[in-house]
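The following note sets out points for a colleague who has the sequence and the model to hand. It takes up the sheets, the loops, the pockets and the cysteines in turn.

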Amino acid sequence: MDLSSGNTTTAQQVAAHDAPIRCSRFVDIPQQNTQMLVTGSWDKTIKYWDLRQSNPVASVSCQERVYSLDVVNTLLVVATADRYINIVNLNDPAKFYKTIQSPLKWQTRVVTCFNDGSGFAVGSVEGRCAIQYVEEKDSSANFSFKCHRAQQTGVGNSNNTNVFSVNAISFHPQHGTFSTAGSDGTFHFWDKDAKHRLKGYPEVGGPITATDFSRQGNIFAYSVSYDWSKGYSANTPQLPNKVMLHAVTGDECKPRPKTGGRK
């Protein structure tokens, strides 16, 4: 992994693994005097890096290849192949606080932490999302739901459904509601506490591979590009490769009053 240094064009190597680096985040480790970089790799490790040093400060072995990770406050969540989800308390960053199997039955694509660090959302290749709390005392609030699916049309297809991968999940910084985006090229806003979909948007012309809200929550950014869900042969020059900005207006991301059921 390279980061440019200042205004120069010279690249500075700040991290290295024995296999591709799948994800990275900056983290604040309690009792440390500097922000660190954590990287997750297909070499089945996560590593912590002080950017002033060439060697990792610590390395933690995972069960399998790292597919996704996210961090909020002292919560670090690492998702790997074989549906393992490792939870790290950054007060003790060199070991796993807890390891669970994903509540979803198929491969994990993304994990994203709640704003308050009490839990995380999981998205999978099967068009499902799960809401998972860290502590057992909150487990009654765990649930999963179907999303990014489309009923097939045409004669004889009424019982068939196309299922798409959930590629990205982002939490609104002010309201705590969240977005999902997928291989179907759509994005949706949800309220996890009311178990309610707030708003959905039509297909944007290609798979959505990454998303995020601005700091104030008034802009939702998403990238449209190939997500490799159909293999290398489906990657053609005609596919879009762009970043789009959606203005968040009105109540589209504001929580709804609880109604006692999921919609």
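1. In this predicted model, one open sheet consists of 4 strands in the order β17-β18-β19-β20, and their pairing is antiparallel. The edges are formed by β17 (166–171) and β20 (196–200), each of which pairs on one side only. From one strand to the next, the twist averages 25°. As general background, strands of a sheet pair through backbone hydrogen bonds, either parallel or antiparallel.

2. The pairing of β17 can be followed residue by residue. Strand β18 (residues 178–182) is joined to β17 by 5 bridges, and the two run antiparallel. Within this pairing, Ile169 has Thr180 of β18 as its bridge partner. The hairpin of β17 and β18 has 6 residues between the strands, and Gly176 there adopts a positive phi near 80°.

3. Is β17 enclosed by the rest of the structure or not enclosed? Of the 6 residues of β17, 6 are buried, so the strand is largely enclosed by the rest of the structure. This holds although β17 is an edge strand that pairs on one side only.

4. A further open sheet has 3 strands in the order β21-β22-β23, again with antiparallel pairing. Its edge strands are β21 and β23 (242–247); each has a single partner strand, so one side of each is left without a neighbour in the sheet. The twist in this sheet averages 20° from one strand to the next. Between β21 and strand β22 (residues 219–224) there are 5 bridges, and these strands run antiparallel. Asp212 has Ala221 as its bridge partner in β22.

5. The loop between β8 (75–80) and β9 (84–89) merits inspection of its backbone angles. Most residues other than glycine have a negative phi. Asp82, which is found in this loop, has a positive phi near 60° although it is a residue other than glycine. Arg83 also has its place in the loop between β8 and β9, and its phi is positive as well, near 65°. With a relative accessibility of 25%, Arg83 counts as partly exposed.

6. The largest pocket has a volume of about 750 Å³. It is lined by 29 residues, and those closest to its centre are Arg25, Asp70, Ile169, Ser170 and Thr211. Ile169 is also the residue whose bridge partner in β18 is Thr180.

7. Which strand gives the most to the lining of the largest pocket? That strand is β7, with 6 residues. At least two lining residues are supplied by each of β3 (21–27), β7 (66–72), β11 (108–113), β17 and β21 (208–213). Both β17, an edge strand of the sheet described in point 1, and β21, an edge strand of the sheet in point 4, are thus named among the contributors. By residue class, the lining comprises 15 nonpolar, 8 polar and 6 charged residues.

8. The second largest pocket has a volume of about 420 Å³. Its lining is made up of 18 residues, and Arg109, Asn167, Asp227, Trp228 and Ser229 lie nearest its centre. This lining divides into 8 nonpolar, 6 polar and 4 charged residues.

9. How many disulfides does the model contain? The count comes to 0 disulfides, the criterion being a pair of cysteine sulfur atoms within 2.5 Å. Cys113 is in no disulfide, and the nearest cysteine sulfur, that of Cys23, is 12 Å away. Cys113 is buried, with a relative accessible area of 2%.

10. Why is Cys253 without a bond to Cys129? The closest cysteine sulfur to that of Cys253 is in Cys129, and the separation of 15 Å is too far for a bond. Cys253 also counts as buried, at 3% relative accessibility.

How values were computed:
Residues numbered from 1 in each chain as written. Predicted model: local features only at pLDDT ≥ 70, side-chain atom pairs only at ≥ 80, totals over all residues. Heavy atoms only, no water. Buried < 20%, exposed > 50% of the residue type's maximum accessible area, 1.4 Å probe, protein only. Pairing = 2+ DSSP bridges. Axes fitted to C-alpha atoms, helices over the stretch in contact; angles between N-to-C directions. 1 Å grid on protein atoms, 1.4 Å probe; cavity = no way out; pocket = protein on both sides within 12 Å on 5 of 7 lines; lining within 4 Å. Points joined across faces, edges and corners; volume = space filled by probe spheres on them. Nonpolar A, V, L, I, M, F, W, Y, C, P; charged D, E, K, R; others polar.
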